[in-house]
Amino acid sequence: MQRIPEEKIDEIRSQVDIVDVVGNYVQLKKQGRNYTGLCPFHGEKTPSFSVSPEKQIFHCFGCGKGGNVFSFLMQIDGLSFVESVKKVADLAHIPLDVAISQGDSSPRNKPDSQESKMIEIHQLASKLYHYLLMETEEGQEALQYLLDRGMSEQELDHFEIGFAPAHASTVTTFLKKREVDLALAVESGLLTERDDGEVVDRFRNRIMFPIKNDRGQLVGFSGRLFNQEDGPKYLNSPETPIFNKRNILYHFSDARQEIRKKEEILLLEGYMDVISSVSATFSNGVASMGTSLTEEHVQMIRRVTNRAIICYDGDRAGIEASFKAGTMLAEQHRLEVFVLQLPNGKDPDDFIRSEGAEKFAEIYTHQRLTWTAFKLQFFKRNRNLQNETDKIAYLGEALAEIGKLDQAVERELYLKQLGSEFDLSMEALKQQLQQTVVVKPKPHDYGGPPPESYGEYPSYEGDGGPVYEQFSFAQPSGVPSAGLTSEKRLLKYMLEDRDAFIQIRNLLEEHQTDFYHDNYKALYTHLIGFYASGNDANPLALMDQLKDDMARNLVSELEMMTVNTDVSIEEYQDYVQSLTKSSIERDIKEKEQALLTATQQGDMPVALELARTITTMRATMKNTPN
């Protein structure tokens with residue numbers, strides 16, 4: 001089949017801004033000409049991830065990953081090159097009217113991999129479940145149940161809600177007719193195998209909620225009982241190669257855009273809560289799947305926002321879950337946290353259905369509690385404030401929390417509230433507060449580039465936050481050698497100018513020298529082939545042709561470098577001579593080691609010859625211009 005023409009790839013790449021694409025996965029902040037954020041490929045607390053809208057590349061100065069918009073999607077979504085081009089084309093609304101061959105044959109990127117097949121099986125089952133709910137007499141009772149709960153047919157369609165009949169083989173038979181591998185369907189969690197070896201449906205007589213991962217791929221289901229009490233209220237897919245509750249938030253992939261727009265995420269408990277919040281125009285709502293928030297969930301959240309609004313059920317369990325989630329988000333991961341408490345202990349779904357979207361919006365916007373305010377209320381729950389012992393204990397807890405606050409205005413506000421509530425003077429409260437104030441560590445001096453390249457970014461170290469402090473990108477440790485600097489600059493110039501490539505290559509051949517570091521030498525070899533094919537200088541197109549992640553990372557690193565653009569051939573010659581000198585220095589060190597060995601072994605003829613060679617090499621290096 002025909003491959004995507006290079007001209008089409010260039011057109012697709014040019015029609016999408018990499019900042020918009022990366023921004024769907026990473027919370028970016030403008031810093032000078034670039035955008036920065038926390039790297040999605042490795043855990044970090046200080047931002048080292050940079051995106052250049054001018055060059056249309058990304059690079060992490062921490063882990064070294066980099067590339068263009070296609071390679072970003074390949075790495076973060078596990079796509080093949082062709083799949084990433086298709087995804088970007090969809091974003092740019094550019095039709096791909098050619099037959100596409102799967103040119104990238106690496107096993108992890110094959111679209112017909114086992115995991116991809118499992119996802120396809122789930123997509124087939126989802127369409128069947130939805131049809132059974134909406135179009136069949138068998139699904140009528142479940143449909144009426146959902147309509148009676150206030151759901152509209154539009155919501156059912158949008159969230160692809162379905163129905164699994166009580167029969168043991170509805171989906172099994174459906175998949176058999178389509179010649180689907182039933183063993184793979186069992187492994188995917190959709191079907192189950194009985195002790196006698198018979199394969200049957202896992203989900204029966206349940207309302208079905210399809211579950212997507214953060215890439216929007218359908219990877220599992222949650223089935224809800226609706227007309228009986230036999231069995232758990234919700235039955236989720238088991239853990240499989242494509243499904244793990246620890247790293248899935250319901251509705252996250254669809255909510256990502258709205259989370260970025262609102263700059264905050266709405267954390268809910270259940271699927272119905274999410275569906276109702278979307279109907280109330282709060283499309284930034286997500287829910288964990290019957291589990292507490294995990295570290296994986298928090299990392300997903302931190303990619304897109306630093307602010308979380310918790311709106312769990314208003315019963316005792318919901319309040320305790322809010323405290324646990326808020327503690328994890330605010331105190332362990334330094335997110336800004338607010339809590340919504342709905343009247344009469346209602347959950348968000350019941351409240352929105354009964355009170356309406358406008359009332360929910362009013363509470364969401366104007367009645368949210370700060371994390372400190374929520375904790376002060378939480379600490380009162382199990383205390384009798386008419387009892388002096390409980391009252392003093394509560395005041396101690398409250399003052400400890402107030403002492404963690406950064407802003408004097410905030411501390412004053414909460415102290416006044418305490419004083420008014422317990423008829424205490426501000427003087428007494430402030431005196432007590434002085435004994436409980438938490439002193440914050442000073443911002444760490446990271447060093448690095450000059451002050452104009454610094455910016456503000458939340459630091460997640462210290463108590464109470466986020467604390468905004470000066471930062472710079474993490475740089476490689478140690479001072480690079482003159483030879484390494486020369487290699488980087490020469491490759492930088494060759495990447496961006498075909499004429500510079502020709503001039504530098506001639507100088508390298510003239511001085512009979514080459515790049516020393518393997519990854520730089522490999523990139524030089526790629527450049528020779530790239531220009532030999534008639535290409536003009538185009539780092540983005542070169543990245544598309546590089547199969548090695550390390551080579552793409554190096555290109556992005558070089559592209560992020562700032563160098564003098566008004567450069568002469570004399571400057572190229574200086575760098576090439578530096579490579580020559582570094583090569584001689586390495587040879588001298590090798591000969592000196594060999595001389596030491598020969599001397600220790602008493603091999604004087606070899607030792608004398610090595611000594612003469614070293615003397616000659618030192619003279620040559622001395623005559624090599626700096």
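Visitor: What volume does the largest cavity have in this model?

Guide: Keep in mind that this is a predicted model. The largest cavity has a volume of about 40 Å³.

Visitor: How many cavities of 30 Å³ or more are there?

Guide: The count comes to two.

Visitor: And which residues line the largest one?

Guide: Its lining is made by Gly483, Leu484, Glu487, Asp514, Tyr516, His517, Leu579, Ser582 and Arg586. Helix 20 (482–496) and helix 25 (569–600) are the elements that give two or more residues to this lining. Sorted by class, the lining has three nonpolar, three polar and three charged residues.

Visitor: Let us step back to the whole chain. How many helices and strands are there?

Guide: The protein chain has 26 helices and 19 strands. Of its 626 residues, 46% are buried. If you take contacts between residues at least 6 apart in sequence, 65% of them join residues at least 24 apart.

Visitor: Could you show me a residue with contacts of that kind?

Guide: Try Tyr25, in the loop between helix 2 (18–22) and strand 1. Tyr25 and Leu73 are 48 residues apart in sequence, while their C-alpha atoms are 9.9 Å apart in space. Leaving aside neighbours within four places in sequence, the contacts of Tyr25 include Leu73, Lys87, Arg256 and Val304.

Visitor: Is Tyr25 buried or exposed?

Guide: The cut-off for buried is under 20% relative accessible area. Tyr25 counts as buried because its relative accessibility is 5%.

Visitor: How should I read a sheet?

Guide: The general idea is that strands of a sheet pair through backbone hydrogen bonds, either parallel or antiparallel. Here, one open sheet has five strands in the order 1-2-3-4-5, with antiparallel pairing. Strand 1 (29–31) and strand 5 (66–67) are its edge strands, each pairing on one side only.

Visitor: What joins strand 1 to strand 2?

Guide: Three bridges, in the antiparallel sense. Gln31 stands opposite Asn34 in strand 2. The two strands form a hairpin with two residues between them, and Gly32 in the turn has a positive phi of about 65 degrees.

Visitor: And how many bridges join strand 2 to strand 3?

Guide: Strand 2 (residues 34–37) and strand 3 (residues 49–52) run antiparallel and are joined by three bridges. The bridge partner of Thr36 in strand 3 is Ser50.

Visitor: Which helix packs on this sheet?

Guide: That is helix 24 (residues 549–560), which touches strand 2, strand 3, strand 4 (57–60) and strand 5. The direction of helix 24 makes about 100 degrees with that of strand 4.

Visitor: What strand order does the sheet of six strands have?

Guide: This open sheet has the order 12-14-13-15-16-17, with mixed pairing. Strand 12 (249–250) and strand 17 (369–370) stand at the edges with a single partner strand each, so one side of each is left without a neighbour in the sheet. Strand 17 runs antiparallel to strand 16 (residues 336–339), and two bridges join them. Val339 of strand 16 stands opposite Leu369 in strand 17.

Visitor: Now for backbone angles. What should I expect of phi?

Guide: Most residues other than glycine have a negative phi. Asn205 has a positive value, near 55 degrees. Asn205 lies in the loop between strand 8 (199–201) and strand 9 (206–212). Gln512 also has a positive phi, of about 50 degrees, although it is not a glycine. The place of Gln512 is in the loop between helix 21 (498–510) and helix 22 (518–532).

Visitor: Which of these two residues is buried, and which is exposed?

Guide: Asn205 is buried, with a relative accessible area of 14%, whereas Gln512 is exposed, at 76%.

Visitor: How many residues of helix 11 are buried?

Guide: Eight of the nine residues of helix 11 (residues 271–279) are buried, so this helix is largely enclosed by the rest of the structure. Among the buried ones are Tyr271, Asp273, Ile275 and Val278. After helix 11 comes Thr281, with a positive phi near 70 degrees.

Note on methods: Residues numbered from 1 in each chain as written. Predicted model: local features only at pLDDT ≥ 70, side-chain atom pairs only at ≥ 80, totals over all residues. Heavy atoms only, no water. 1 Å grid on protein atoms, 1.4 Å probe; cavity = no way out; pocket = protein on both sides within 12 Å on 5 of 7 lines; lining within 4 Å. Points joined across faces, edges and corners; volume = space filled by probe spheres on them. Helix = DSSP H or I, 4+ residues; strand = E, 2+ residues; numbered from the N terminus. Nonpolar A, V, L, I, M, F, W, Y, C, P; charged D, E, K, R; others polar. Pairing = 2+ DSSP bridges. Contact = heavy atoms within 4.5 Å. Axes fitted to C-alpha atoms, helices over the stretch in contact; angles between N-to-C directions. Buried < 20%, exposed > 50% of the residue type's maximum accessible area, 1.4 Å probe, protein only.
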